[in-house]
Amino acid sequence: MSRRPQGLTAGLLIGPATLVVLGALVAPLVLLARYSLNRYDRTNFMVEALTPENYLRFLYDPFYTGVLWTTLWIALVTTTLCLVLGFPIAYRLARSQSRWKSAGVLLVILPLFIGSTVRALGWMGVLGRGGLLDSAAAAMNPGSSVALLYTPFAVVLGILSINLPYMVLTLQSVIEGIDARVEEAAESLGAEPSRRFLLVVLPLALPGLATGAVLVFILAMNAYATPLLLGGARFQMMAPMLFREYAVNNNWPFAAAIAFILMVTTLTLTAASSAFVQRRYKAA
Amino acid sequence: MAGIAAPMAPATPAQAPARIKASRLTAAGVFVWVLITAGVLVMAVPLVMTAYISLFRDAVVVFPPSGYSTAWYMRIGEFPRFGESLGTSLRIAALATIGSLAIGIPASLALVRYSFLGRGVLNVLLLSPLTVPGVVIGLSIYVLVVEVEIATEAPLIGSDLVLAAAHLLITTPWVVRLCVANLIGLDRSVEEAAANLGARPWSVLWRVTLPMMRQGIVAAALFAFIVSFENIEMTLFLISPGVMTLPISVLQYLEYRIDPLVAAVVMVQTLVIAGLLLLLDRYVKLSRIV
């Protein structure tokens, strides 16, 4: 066919995309890593240096470690809730043979692409002062009010409503891959529904559960709009804090250090959990 | 446990015996239905609520509203900040979509149809933007662009060039992912037959391979568009006061107030995306590619 060596053609085909990733991801990250070792000062903003002080400042200041803990805590709670609420829906969808099944799947997919601001706006209407719940409470019991907006509860609810469709879709495709006859065998051998779930379905779905959990965990760790709009000014998570260090305080070296701490924490935890599940799965 | 399934042949829906009966009215069964209802409510309530608020007549959100009207939808045009930012969003998303198809399709051809040194590494590299937090990508591109601005004295922050390049970074992995999946599923013998019959490599590409990839390319284009159109976290760092994308102007508006106008704006945005997705669903099974 072609007299050119294969490697050259392939190189020409894949070259542009590789250059974009190198130029817009790898090079900026290298520069950001260098910035994170610089020193901040109020008059000159950034002074060239080679110091770990930005990382140490984060690790030794209870305020910043507190924000990291809050972020981790919110991410773990929402991931757990996603698993608990997502599994039954995914199971029903996967095992359904009704003609509404594809409509159901489409209804789960649509919210995936609808921006986080839409969800936040809806919850503000439900939870806010003068919102649906507040007005209902006032109507039933004059003088009372339910202030749920600007609480961790509102943030968990907001992130949950954004992440749940991801979990449902991941689990649905995994459950579709589990042979229904395995469950029927367990049933005909006399296993109760709960035993069937714990001893047959759950172990087979475990790798899928891990994939879904990792996905929604990453999303929750990096949430920006939801904590900002539903958490209020006093509630802090990593992504909004990073943006504020950059935009309000103009402290780029520290923002760079926060960026790497966020990235490394997320990657470490996800890698550890996949390794853990893989080992369990092989042993089982 | 995994061993149980192994000796069995995969079930096709037709031969699968009568499915397990839905759980009877036991405590566990009720509990499962409570969980399902809670999950569906969590997903549906915010969307329904936003649609509901967008129909309120009063400018202040109070329950119950004094009346309903669709007037806010008509008045969106009177608020230039939303119109302008919608224009920016559409422009950047279109540029990023075209660009990512132009570089992503050739890259996926190389990844699937050629074997070369470092293919595995390049595959991971091209998908890696999906695993890095959006705020981290945004901040890192921002500091690089500022360095370039200082060196060249060209105003770059907030320019279409930088925004489109940054969006190119987050849309290309999706194009590569979808096109690679599509290419793997295609029968290679058709291309070989065309080549045996004397077609030159370029006409094999134009007349055989690309037409066969049509589904994957349509899916990749719509995905790339939506990913770019919805992005907040990365774009935040790259906008300038005059240039803003729609999700960010909605976000900034919501930080100060909530009213039926902004609800109407996001409903329009939502309907556009839902329309695109329904269109996409005609070409490819959405549940396969997400």
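**Exercise 1. Two helices of chain A**

In this predicted model, the helices α7(A) and α9(A) cross in a right-handed sense. Work out how the two helices are oriented to each other, and which residues bring them into contact.

*Solution.* Begin with the general approach: two packed helices are described by the angle between their axes and the distance between the axes. For α7(A) and helix α9 (residues 193-221) of chain A, the axes come within 9 Å and cross at roughly 160 degrees. Angles over 145 degrees count as roughly antiparallel, and α7(A) and α9(A) are therefore roughly antiparallel to each other. The next step is to find the residues that form the contact: α7(A) contributes A:Ile159, A:Asn163, A:Tyr166, A:Met167, A:Thr170, A:Leu171, A:Val174 and A:Ile175, while the residues from α9(A) include A:Ala205, A:Gly208, A:Leu209 and A:Leu215. Sorted by character, the residues of this contact comprise 12 nonpolar and 5 polar ones, with no charged residue.

**Exercise 2. A second partner for α7(A)**

Determine how α4(A) and α7(A) are placed relative to each other, and what kinds of residue make up their contact.

*Solution.* Helix α4 (residues 101-112) of chain A and helix α7 (residues 152-176) of chain A have axes that come within 8 Å and cross at roughly 135 degrees. This angle belongs to none of the parallel, antiparallel or perpendicular classes, and α4(A) and α7(A) are therefore oblique to each other. Their crossing is left-handed. On the α4(A) side the contact is made by A:Val108, A:Ile109, A:Pro111 and A:Leu112, and on the α7(A) side by A:Pro165, A:Tyr166, A:Val168 and A:Leu169. The residues of this contact divide into 8 nonpolar, no polar and no charged.

**Exercise 3. A covered helix**

Decide whether helix α11 of chain A is mostly covered or mostly open, and name its buried residues.

*Solution.* Helix α11 spans residues 238-247 of chain A, and 8 of its 10 residues are buried, so that the helix counts as mostly covered. The buried residues are A:Met238, A:Ala239, A:Pro240, A:Met241, A:Leu242, A:Phe243, A:Glu245 and A:Tyr246.

**Exercise 4. The two chains as wholes**

Describe the make-up of chain A and chain B, and ask of chain A how its spread relates to the globule rule.

*Solution.* Chain A has 12 helices and 2 strands, and from the N terminus a helix is followed by two strands and then by further helices. The radius of gyration of chain A is 24 Å, well over the 19 Å that the globule rule gives for 284 residues, so chain A is more spread out than a compact globule. Along the principal axes, its C-alpha atoms fill a box of roughly 85 × 75 × 40 Å, and 43% of the residues of chain A count as buried. Chain B, by contrast in its strands, has 13 helices and 0 strands, and buried residues make up 39% of its 290 residues. Of the contacts in chain B with a separation of 6 or more, 75% are between residues 24 or more positions apart.

**Exercise 5. Where the chains meet**

Find how many residues of each chain take part in the contact between chain A and chain B, and which element of chain A gives the largest share.

*Solution.* On the two sides, 86 residues of chain A are in contact with 87 residues of chain B. Helix α1 (residues 6-35) of chain A supplies the largest share of the chain A side, with 19 residues. By character, that side of chain A consists of 59 nonpolar, 19 polar and 8 charged residues.

How values were computed: Residues are numbered from 1 along each chain as its sequence is written. Chains are lettered from A and ligands numbered from 1 in the order in which they are written. This is a predicted model: local features need pLDDT of at least 70, side-chain atom pairs count only at pLDDT 80 or more; totals for chains, interfaces and linings use all residues. Helices (H or I, at least four residues) and strands (E, at least two) are DSSP runs, numbered from the N terminus. The radius of gyration is taken over C-alpha atoms; the globule rule is 2.2 Å times the number of residues to the power 0.38. A residue is buried if 20 or more other C-beta atoms lie within 10 Å of its own, exposed if 12 or fewer, and partly exposed in between; C-beta atoms are placed from the backbone. Two residues are in contact if their C-beta atoms, placed from the backbone, lie within 7 Å. Ala, Val, Leu, Ile, Met, Phe, Trp, Tyr, Cys and Pro count as nonpolar, Asp, Glu, Lys and Arg as charged, and the others, Gly among them, as polar. Axes are lines fitted to C-alpha atoms, for helices over the stretch in contact, and angles run from 0 to 180 degrees between N-to-C directions. Angles under 35 degrees count as roughly parallel, over 145 as roughly antiparallel, 65 to 115 as roughly perpendicular and the rest as oblique. A crossing is left-handed if the near helix is turned anticlockwise from the far one by less than a right angle, and right-handed if clockwise.
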